[in-house]
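Colleague: Please take a close look at the aromatic side chains of this model, and then set beside them the way its strands and helices are arranged. I would like one connected account rather than a list.

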Amino acid sequence: MGKHNSINSGKSISVTINGQTYESTFGKTILEIARENDIYIPTMCYLTKVQSIGACRMCVVEVEGVEGMILSCQEKATDGAVIETSTQSLEQERQNIMKLYNVNHPLECGVCDKSGECELQNKTMEFGVEAQGFTARDQHRPVENWGHVSYDPSLCIMCEKCVRVSTEITGDEALKVKFGGYGSTIINTKKEQNYASLGEAAAVCPVGALVSTAFKYTANAWELSKVPSSCTHCSAGCQLHYEVKNERIYRVTNNAEFSNLCGAGRYGSSYANEGVTKDKEAFNKALLAFKEADTLLFSSHISNEEAYILQRLKEKLGFKLVSPEARAYQQFMKAYAEVTGETLYSGSLKTLSESQAIIVLGTRINNDAPSVKYHINMASKWQRARVAYMHPIEDSEIQNIVTQFLKYEAGTEEGVAALLASTLLTEASLPEEVRHFLEDLDIGNLSAESNIGEEELEFLRKSLLKKSGFSLVVGSDLYTHPRAKQIAKLIALLEMYGNFNVICIPPAGNTLGISLLCDLDEAVEGKSVGYHAKADFTLSSLGDGDLDMPAMTQQEGTFTTIDKCVVPMNAALPYGGYILNDIANALGLHAAYTIDYTKSLPKEKGFKSVEFDALPDYFDSVGNAHRGYLLTSQKVQIQQHFEEVEESECFDGAVVYVCNPTDQFSPWTAKSELLKDEPILWGSLQFAAITKLQENDKISYTIDGIQRTSVFKIDTSMKGTIALTPTFDMGLSSALLSSYRFSRLDFERAGQ
């Protein structure tokens, strides 16, 4: 993933760098063209994934016919330019810059967490700075603890990378520059928030100024083994490295020059199932349970290979295969394909970040999919994108990027989708049946029922008129809606005829991969076996089941991402117990290792016959991701038949919305030491008034037939009579949730 200005469709140009001629495209900077051709130009403040900062001047070059030195990170190359990147004067300039960086920089490399991977160390050596000929009066600059990260201003070189990431990538906008000459510093304007997303800012720090608080003084960089893998907490499947010593993950890092991690990805790795040995008796009971099972119930937190094994076992043993959230998504995408004729949606995170107009519908995006929110923020900052956020609940965390909030009533998503299609496809060339369906809609009634005014829709339509690059992001509120299939078809119309790049966010973990690989059934019947889900006989990586299983950090396999890529996961930690492949082999399948199934993933579902060890996993010099492979969308028959929009269920009174807090996704993030959260029911002042609840009241209530207890707290930024209820604390029961995310709240005060 490169910066937005790395992607150009301009005319071809020819430039000469260090005596060699190279072909490129007008619009790219000198630095970008140099990196494309593996020509080294040193930088300190440059970060590929944000707009050029221009703070360090290390990237200066000389251009024939231009007086003085040019900043290659900002200067666009022109046709015929003759450029030198490493003359004596340039080297002298860079050495002088390094001397300035080293003024009063504390000589504490032996205990600095950045030692061994510090850009200041490396470039001080590279440019031969062996002594410091001048100094400045030093200042008292105490270390600041900001929660997940700590800031040492005495080590800071004011490159501003952290500020740009906070602003342009994560969108928390917590970090700012406090200017004051030699006394300039970085300040955290939102310390009380303790954003785990500041881990992204620390990841790009070239020195030891911003570091993980938990990692400080625990290990040196050269002591840690880097294990490349993919994050599995949500569907983004972000690239990461587990950094391991003595069979312990000390920290999680990523190629921060090009990629991103949310707080859960960076701090949610301590969920391994440790100390497990092979329990032969429990294994034999598991085999018997599989043979007698009428249903196998499972969670989305499994690999493609495990999903494929479960499908093969279903075919062999005849049990039902149930995964509620994966089936809801599978049915949604099947209906979607009836309109588009393709099994996969069109959009990607890259197209999202380049969009000038974005609509978000049916997801609390900041909590459900932080990586998607990051890319919306990129579009907002780089493209000045119009962002329309459609949801029953406003979200203060994304107010800085939302240009229009359209509040609709819970339950009216079908009507909202119909209104969107009607509003945005007025000028589109449509099939006759689709045209008649849209023309026959009772717009006034749908508007009144959903509470979205016709003037709001017209404002939305007009705001898109002069924009190019449209994206539509939809999420989990839609997949479990009683009218999900009809909603899917309405959304698909915008991809098919409205030129929208649509992203249907998979609701959890590897849901997209599972929906393609497994023939899923609707309901549990008879005796059940649970794989990371509560059942009569339970296999669990949380250590609380009838037979232990490895966590995702303890196994190899592949994962299907929101970008429709199949990416590799590697084991960071050992595991001594039985695995699903052992059970499969004992039941008649034959594979020495789980990853032997990687090459067998079905081509007819869009997978490719590629050996696990042949899957690439790297970024090239300009930030293009070479990770696994892209799924092939399969053609299906188009059946564009629509039903009449039904009257929506009315949600009066106190309503709860199933939604985890930021950085919590599942029982596995809940188990992680650095992401501890209480199961809190967050409600507004209006919600407290209608329920007569007070701050810190403890209540019991039922979600989808599952009893739970939470502490109630008031969030003064929330409006309306809807409260947020988490699921991360529900253990393996969270995999059983299958109904619409909004429901009426019937509760009892705990202990009464």
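Modeller: A residue counts as buried here when its relative accessible area is under 20%. The model is a predicted one, and by that criterion both F437 and F642 are buried.

The count of aromatic pairs in this model comes to 14. In one of them, W146 and Y151, the ring centres lie 5.0 Å apart and the planes make 20°, so this pair is stacked, given that planes under 30 degrees apart count as such. Both W146 and Y151 are buried. The rings of F437 and F642 are likewise a stacked pair, because their centres are 4.9 Å apart and their planes stand at 20°. Since F437 belongs to helix α14 (residues 432-439) and F642 to the loop between β28 (629-630) and β29 (655-658), the pair ties together parts that are 205 residues apart in sequence.

A further group of rings, F651, Y657, Y740 and F742, forms one aromatic cluster. F651 has a charged partner too, for the charged end of R744 sits over its ring at 5.3 Å from the centre. Elsewhere, R251 lies over the face of F215, with 4.4 Å to the ring centre.

Turning to the strands, β28 is, together with β24 (557-560), an edge strand that pairs on one side only, in an open sheet of three strands ordered β24-β25-β28 with antiparallel pairing. Four bridges hold β24 and strand β25 (residues 565-569) in their antiparallel pairing, and F559 stands opposite V567 of β25. Helix α8 (residues 304-317) packs on this sheet, where it touches β24 and β25 and its direction makes about 95° with that of β24.

There is also an open sheet of five strands, in which the pairing is parallel and the order is β18-β17-β16-β19-β20. Its edges are formed by β18 (404-406) and β20 (500-504), each of which pairs on one side only, and the twist from one strand to the next averages 15°. Within this sheet, strands β16 (residues 357-361) and β17 (residues 386-390) run parallel and are joined by five bridges, with A388 in β17 as the bridge partner of I359. Helix α13 (residues 413-424) packs on the sheet by touching β16, β17 and β20, and its direction makes about 160° with that of β16. Helix α18 (residues 484-498) packs on it as well, touching β16, β19 (470-474) and β20, with its direction at about 150° to that of β20.

A hairpin is built from strands β8 (residues 175-178) and β9 (residues 185-188), which run antiparallel and share four bridges, among them the one that makes T185 in β9 the partner of K178. Six residues lie between the two strands of this hairpin, and G181 takes a positive phi near 60° there.

One helix pair completes the account. The axes of helix α4 (residues 161-169) and helix α12 (residues 370-383) come within 7 Å and cross at roughly 100°, which means that α4 is roughly perpendicular to α12. At this crossing, T167, E168 and I169 of α4 meet Y374, N377, M378, K381 and W382 of α12.

Conventions:
Residues numbered from 1 in each chain as written. Predicted model: local features only at pLDDT ≥ 70, side-chain atom pairs only at ≥ 80, totals over all residues. Heavy atoms only, no water. Pairing = 2+ DSSP bridges. Axes fitted to C-alpha atoms, helices over the stretch in contact; angles between N-to-C directions. Contact = heavy atoms within 4.5 Å. Phe/Tyr/Trp six-rings, centres within 6.5 Å; stacked < 30°, edge-to-face > 60°. Buried < 20%, exposed > 50% of the residue type's maximum accessible area, 1.4 Å probe, protein only. Lys NZ or Arg CZ within 6 Å of the ring centre and 35° of its normal. Parallel < 35°, antiparallel > 145°, perpendicular 65-115°, else oblique.
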